[in-house]
Each structure stands twice: as structure tokens, then as C-alpha cells.
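Work through these short exercises with the structure open beside you. Try each task before reading its solution.

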Amino acid sequence: MTVFLLLGGSECVVSVRPRPWPKPDPQVAAAIQAIYRGRREVPLAVRVRDRLGELFPDASFVEAFGRAGKPGWSPGRLALVTVLQKAASLTDRQAADEVRENLAWKYALGLGLEDPGFDHSVLSEFRSRVVTHGLEERVLDLLLERLRTLDLLASGGSQRTDSTHIVAAVRDLNRLELAGESVRAALNALAAACPDWVDQVLVVDDWASRYADRIDTWRLPSSRAGQNELALHYAQDGFTLLQAVHAPGSPAWLRELSAVQTLRCVLVQNYTRTADRAGRLRIRRRERAEDGGDGLPPAPSRLASPYDTDTRWSAKRDLFWNGYKLHVSETCHPQADGDRPTRPNLITNVTTTCSTLPDSRALEAIHQALHRRHLLPARHYLDSGYPSADLIVSCARTYGIALVTPVLLDTSRQAKAQQGFAAHDFTVDWDGSQAVCPAGKASATWNDVVQEGVAKTVVSFAALDCVPCPVKQQCTSSRKGRWLSLYPRELTEAIRTARAQQQDGTWQRDYALRAGVEGTVRQATHTTGLRRAPYRFRFSAQPVSCRFAG
């Protein structure tokens, strides 16, 4: 397969023939040695080349490029340029200039003083090819593999993971702006794909003025009535556009355009159409069901932008953002006071998910990635957003990983008040299908049920035992006796063990090791500018759906 790179405004067929990286040019090496002689810190690019050598071989990226055509730039060296570019927070144009002008970069890439480098557009095309062929994690895989050969990284040991929010590379839109901008995006896509069809079919006088410029809050009506009227205009235009696209005489491929599909989803999620007694369609905006409306789609499926269908609005405590979640995992090494770790803390995995995806549902993907890299930890330090009883058991059984994490405490009335008998004060005989209360009374019933899709066991005690019990006030206020809702045996025992452990001071001191990952996340988001995504992400973990409960 060939690659088309835009160089100087013309298309050029580019091929890749894997070759070893050239050694650093002697003149460049001599200049670097003279400049950084003494105590001056050597640049990152020079240290990477000296310590890691040919870090990204061309052969690791050859599947994304063709073998016929004009030879292009080495994809392995482009990968290194991309890494150095991100480390320095440079634009593509600035990174291309560094390749031409910076001696440290020329040293790392094995370029001579006279090498002109490449056009900055090559970097964008390289990233596109890498993502298209599913090689976006290849750079991290190669780096971790090299670190393993240097005995700086190994499986087992301890790792820690934390998540943070990433703001999408799109404009924040309210519902009114989203509806109008979706119509505008679809019109632009249709005009670019089939301009003759647009001229012949879409003859609407006020569309040109309404959608000529991007939909912006500053140009929208200030009154609520005016905004509602404009919202219905956007909906009417959108449904008219979809009707024209799906007409029998229209090319069938037009309805498959992503912008058209996105417009359809936006309209379904934000409007309803009902027929009155005369058969006329009535369009109405959706409102929340608690406000008497038809209901809005759940957050995981609610589109936030017509230009990035993966970004979602999400909230966490007092934080509200439109974007994604980033999960960062790194090694960590317990150490005694005054001792220095023998290995550095190294990032082992980075996972991007929808902002609405709970942390607990991202943990399996993280462990699968670490398993693929042969870097599974023996102990995984997490905050309270990741664990559940099921995950504690499944991670130990499937991967042999012990999750070191605070679990939610008992939420019963007695446990919250720290007075009386909580669930953990009852003795459970799983083999005999019976529970015994602190007063020594055995349970009356033992029923396996499914509550909210989760298998549980409900245990109840007879009222004849509970009502006259001398310690009843410490146990229950019900006249029907005490009852317990238990998870399956393995989960119940795991959660009870975890709750008991986290009350111990030794466990608390050990868990303090997790706090270091917050500094790593801050460095990633602030130093490299990762808080705001420079590109639009694409992942298929949660496909967009137009169907939801109203």
C-alpha cells in the first residue's frame, strides 16, 4: 500500500524501505561534545540516542507504508521526532525547524549539518498513517521493550494508576449551538462531496445567511422565546435536509457521510416529531423527564460536538468538562527511609477512554495492555474509584494481581453510626447456608436472588427471635427482624478482608505509595500540555447510538 504525503502542495507517492539508522555525524558529534563539555546538562535528544540507540526501527512501522514509489523519510526517526516534539510542546512547524537547526536533534537522528530535514506536513501525515493502521501504541511498546532489555523494567513488583480529565480539541457547544452547528456541518460536507446535488435539490433562501458563519452564542437571540424559535428552525432545516438526502432520487452514498449520520443522531437526541390529528408533523425540543419533558439521552451516548462524536460532557465533584479521561500507570518502588530505589519510576501504560466511563470499567483494559507487554504488577495501587468486590477477586484469579485500594465501607445504619451490630459482625456459614447473629440466633431463611442484575443472597432472621432479643436496639428497629443482603461467598469474603486491612496503620503507610502517581499525572498534563487534546480521538469502546430510553 502506498502513502500520499502532501509536500509543497503536490501529491507524492512515498515508499518506505527499512534501513538501520545512520550513526551520529562526526561533525555534529564533535560540536555537541564541545558545547556540552563540563557540567552543562546534555539535551534530552542526545541522551536518548546515547543510552537507547536506534529506539524505533523502521521495520516496526513498515506495515503502514508501501514498498513502491519514491523513498520517504524514515518512519522510525519520524516517531522519535514526534516524541521529542511532544516533550518540548512544539507545533509541527516548530518541530520541523528543530530538525533543520538543532544540533542535538540532528545528533539523535543521525543527520549531517547539510541535511535539509522535511516539510512540517510530513508529521501530520505520519500520525494519520500510524493511527489508521492501529500502530498508535507501537512507540510506547518499543520503548518499554528497550527498557526491559536494559533491566530498568520487569513484570511483578508494584504499579500505580490514576485518571485525569482531558479537554477535547473542539469548541464547547450548548444544545442550541449543537443543533445549528450540526446542520451547518452536514451542509458543508454535502457541498464538498456533491456540490451539483446541493445546487439542484437544496434551494432554501435563508439557509445561506443562517449557516454561512459558525453558530456562536454571541449571534444568538438573548431571549428564551427567541432561542426556542431558532431551535425549532434548526430542527426543521435538519429534518428537511435528511429528507432530501434519503429521497429516492438522491445518491445513496450521501446518507452514509459521517456528518449526515451525526446530524441524524443530534436531531433524535434533542427533538421529537409527532403527528397531530390532521397528520401534520409537530417538532418539539426534548427536555428532562423530571421537568415534564420527553427525556434526554444518557450522558454516555449524548453527542457534544458534530466534529468529534467521541467527546462527552462529564462531571466529577465540582469539575465539569467536555472531553475524555486519561488513565496513567507507572511503576513504583517501596523504599525504607533514606534508601534510594534501584530503578526509576517508569510509565507502563496510557489509556484514553470516554469521559463518562467509570474508572472501574477501564481497569480490565489496563490489565490487558500490561499483560500484552509482559508487565503485569504483583500489587496495583489504585484510588477508591477503581475497585469493586468483583474486580478484587477477578484480578487476583485472572492475573494474580493484588489490588491495594480503599474499598467502600459498610453503608448500613449501624456501620455509619459505629454503634450496634453491622453486617460484618454476623457469622456466615456458607456451606450450611446459614448466618448467626451476634446474639447467637441462626437465620430463618436463605434465598439466592438477583438485585439490579447482581446475584446476591438475602438472609433473614425470624421476628420471634429478634423482637424479644435483649440487644435488639443495637441490631435493628424493624418489627420483622434483621435481614442481610450478601454478595456471593468469594466476593463477600474479599470485601470483608479488604475492609479489615484498610483499618490497619501498616496498610495506610503502604497505601501512601499511590500518591506519587498524582505528580506524574500533573507533569503529563501541565509540562507537555496534555490537559487539552491537540487532536481528535477515535475509539470504538462506546459506539454512538440514537436509541435511548425517553
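**Exercise 1: A three-stranded sheet**

Task: Find the strand order and the pairing of the open sheet of 3 strands.

Solution. This is a predicted model. The open sheet has 3 strands in the order 14-15-16, and the pairing is antiparallel. Now look for the edges. Strand 14 (445-451) and strand 16 (483-486) are the edge strands, since each pairs on one side only. From one strand to the next, the twist averages 25°. Next, take one pair. Strand 14 and strand 15 (residues 454-460) are joined in the antiparallel sense by 7 bridges. Trp446 lies opposite Val459 of strand 15.

**Exercise 2: Strand 4 and its partners**

Task: Decide whether strand 4 (residues 158-167) is enclosed or open, then find its partners.

Solution. Start with burial. Of the 10 residues in strand 4, 10 are buried, so the strand is largely enclosed by the rest of the structure. Then sort the residues by direction. Ser158, Arg160, Asp162, Thr164 and Ile166 point one way. Gln159, Thr161, Ser163, His165 and Val167 point the other way. In a regular strand, side chains alternate between the two faces of the sheet.

Now the partners. Strand 8 (residues 319-332) runs antiparallel to strand 4, with 10 bridges between them. Arg160 has Glu330 of strand 8 as its bridge partner. Strand 10 (residues 379-381) pairs with strand 4 in the parallel sense, over 3 bridges. Here Ser158 stands opposite Arg379.

**Exercise 3: Helix 8 against helix 11**

Task: Classify the packing of helix 8 (residues 175-193) and helix 11 by angle.

Solution. The angle is about 30°, and the axes are 9 Å apart. Angles under 35 degrees count as roughly parallel. Helix 8 and helix 11 are therefore roughly parallel to each other. Their crossing is left-handed. On the helix 8 side, the contact residues include Leu176, Ala179 and Val183; on the helix 11 side, they include Leu230, Tyr234 and Leu241. By class, this contact has 11 nonpolar, 3 polar and 1 charged residues.

**Exercise 4: Helix 11 against helix 12**

Task: Do the same for helix 11 (residues 224-245) and helix 12 (residues 258-270).

Solution. These helices pack at an angle of about 135°, with axes 10 Å apart. Helix 11 and helix 12 are therefore oblique to each other. The crossing is left-handed. Helix 11 contributes residues including Ala235, Phe239 and Leu242, while helix 12 brings Val260, Leu263, Arg264 and Leu267. The contact of helix 11 with helix 12 divides into 8 nonpolar, 1 polar and 1 charged residues.

Terms used:
Residues are numbered from 1 along each chain as its sequence is written. This is a predicted model: local features need pLDDT of at least 70, side-chain atom pairs count only at pLDDT 80 or more; totals for chains, interfaces and linings use all residues. Side-chain values use heavy atoms; hydrogens and water are left out. Axes are lines fitted to C-alpha atoms, for helices over the stretch in contact, and angles run from 0 to 180 degrees between N-to-C directions. Helices (H or I, at least four residues) and strands (E, at least two) are DSSP runs, numbered from the N terminus. Angles under 35 degrees count as roughly parallel, over 145 as roughly antiparallel, 65 to 115 as roughly perpendicular and the rest as oblique. A crossing is left-handed if the near helix is turned anticlockwise from the far one by less than a right angle, and right-handed if clockwise. Contact means heavy atoms within 4.5 Å. Ala, Val, Leu, Ile, Met, Phe, Trp, Tyr, Cys and Pro count as nonpolar, Asp, Glu, Lys and Arg as charged, and the others, Gly among them, as polar. Two strands pair if DSSP finds at least two bridges between them. Buried means under 20% relative accessible area, exposed over 50%, partly exposed in between (1.4 Å probe, protein chains only).
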